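Grab a pencil and work through these exercises with the model open beside you. Each one sets a task and then goes through a solution step by step.

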Amino acid sequence: MNTTTVGSKIEIEFTMNTSPSLLFSRLSTPSGLSEWFADDVSIQGNVYTFTWNRMEQKAEIVSLKENKLVRFRWIDKGDTDDAYFEFRILQHELTGDLALHVTEALADDDADDAISLWNYQIGELKRNLGI
């Protein structure tokens with residue numbers, strides 16, 4: 001795992017021993033995201049509703065590239081490009097190793113808390129994928 005904090009965003013990379021298509025389905029579909037990211041996820045159009053402990057947050061998909069990239073923008077954070085999180089699937093050309101690169105724009109200086117949360121969440125994702 002590699003972690004970088006740049007200004008008000010964090011970037012974390014995790015090694016994933018799975019196929020890009022299987023990983024992408026867990027990052028881009030309500031059923032896949034509800035397995036590890038939130039208690040429940042629903043979709044209407046391109047707006048996803050994430051539920052944690054009966055509290056909802058809405059995000060829209062602003063970028064989607066099959067088996068490569070999913071970028072969400074939080075709707076309740078105003079019309080700013082600084083309220084997003086992104087999943088990027090990277091495959092090393094020489095080794096074929098697969099990595100999940102997570103980027104999140106932070107509203108404040110909670111980088112340590114955000115990194116801890118992502119470490120936990122990606123651990124859940126790996127557990128659900130059986131890796």
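**Exercise 1. Decide whether R26 is buried or exposed, then find its partners.**

Step 1. R26 has a relative accessible area of 14%, so it counts as buried (buried is under 20% relative accessible area, exposed is over 50%, and partly exposed is in between, with a 1.4 Å probe and protein chains only).

Before going on, a word on the model: it is predicted, so local features need pLDDT of at least 70 and side-chain atom pairs count only at pLDDT 80 or more, while totals for chains, interfaces and linings use all residues. Residues are numbered from 1 along each chain as its sequence is written, and side-chain values use heavy atoms, with hydrogens and water left out.

Step 2. Place R26 in helix α1 (helices are DSSP runs of H or I with at least four residues, strands are runs of E with at least two, and both are numbered from the N terminus).

Step 3. Look for a polar partner: the R26 side chain makes a polar contact with the side chain of E35 at 2.7 Å. Such a contact is a pair of N or O atoms within 3.5 Å; within protein, one must be able to donate a hydrogen and the other to accept it, and residues adjacent in sequence count only if both atoms are side-chain atoms.

Step 4. List the wider surroundings. Setting aside neighbours within four places in sequence, R26 is in contact with G32, L33, E35, W36, L125, N128 and L129 (contact means heavy atoms within 4.5 Å).

**Exercise 2. Work out how many helices and strands the protein has, and in what order they come.**

Step 1. Count them up: there are three helices and eight strands.

Step 2. Walk from the N terminus and you get β-β-α-α-β-β-β-β-β-β-α.

Step 3. Check the burial and the contacts overall. Of the 131 residues, 40% count as buried. Among contacts between residues at least 6 apart in sequence, 42% join residues at least 24 apart.

**Exercise 3. Find which residues touch the most other members of the largest nonpolar core.**

Step 1. Fix the term: a nonpolar core is a set of buried Ala, Val, Leu, Ile, Met, Phe, Trp, Tyr and Cys residues joined through side-chain atoms within 4.5 Å.

Step 2. The largest one holds 34 residues, and F50, F72, F87 and W118 touch the most other members.

Step 3. Ask which elements feed it. Those giving two or more residues include β2 (9-16), α1 (20-28), β7 (84-91) and α3 (111-129). The top contributor is α3, with seven residues.

Step 4. Take F72 as a case. Not counting residues up to four places away in sequence, F72 touches L27, L33, Y48, F50, A59, E60, I61, A83, Y84, F85 and F87.

Step 5. For background, nonpolar side chains tend to be buried together in soluble globular proteins.

**Exercise 4. Compare the span of α3 with its expected value and list its buried residues.**

Step 1. With 19 residues, α3 reaches 26 Å from its first C-alpha to its last, close to the 27 Å expected at 1.5 Å a residue (the expected span is 1.5 Å times one less than the number of residues).

Step 2. Its buried residues are A111, A114, I115, W118, Q121, I122, E124, L125 and L129.

Step 3. Just past the end of α3, G130 takes a positive phi of about 75°.

**Exercise 5. Sort out the salt bridges and say how exposed their partners are.**

Step 1. The whole structure has six of them (a salt bridge is a side-chain nitrogen of Lys or Arg within 4 Å of a carboxyl oxygen of Asp or Glu).

Step 2. Begin inside α3: E124 pairs with R127, with the closest N and O atoms 2.9 Å apart. The two are three residues apart in the helix, so about one helical turn separates them. E124 is buried at 19% relative accessible area, whereas R127 counts as exposed at 54%.

Step 3. Next, R88 and E86 meet at 3.1 Å, N to O. R88 is partly exposed at 32% relative accessibility, but E86 is buried at 7%. R71, E86 and R88 are linked in a network of salt bridges.

Step 4. Finally, K9 bridges to E11 at 3.4 Å between the closest N and O atoms, and K9 is partly exposed at 25%.

**Exercise 6. Find how far R127 is from W36 in sequence and in space.**

Step 1. They sit 91 residues apart in sequence.

Step 2. In space, the C-alpha to C-alpha distance is 8.8 Å.
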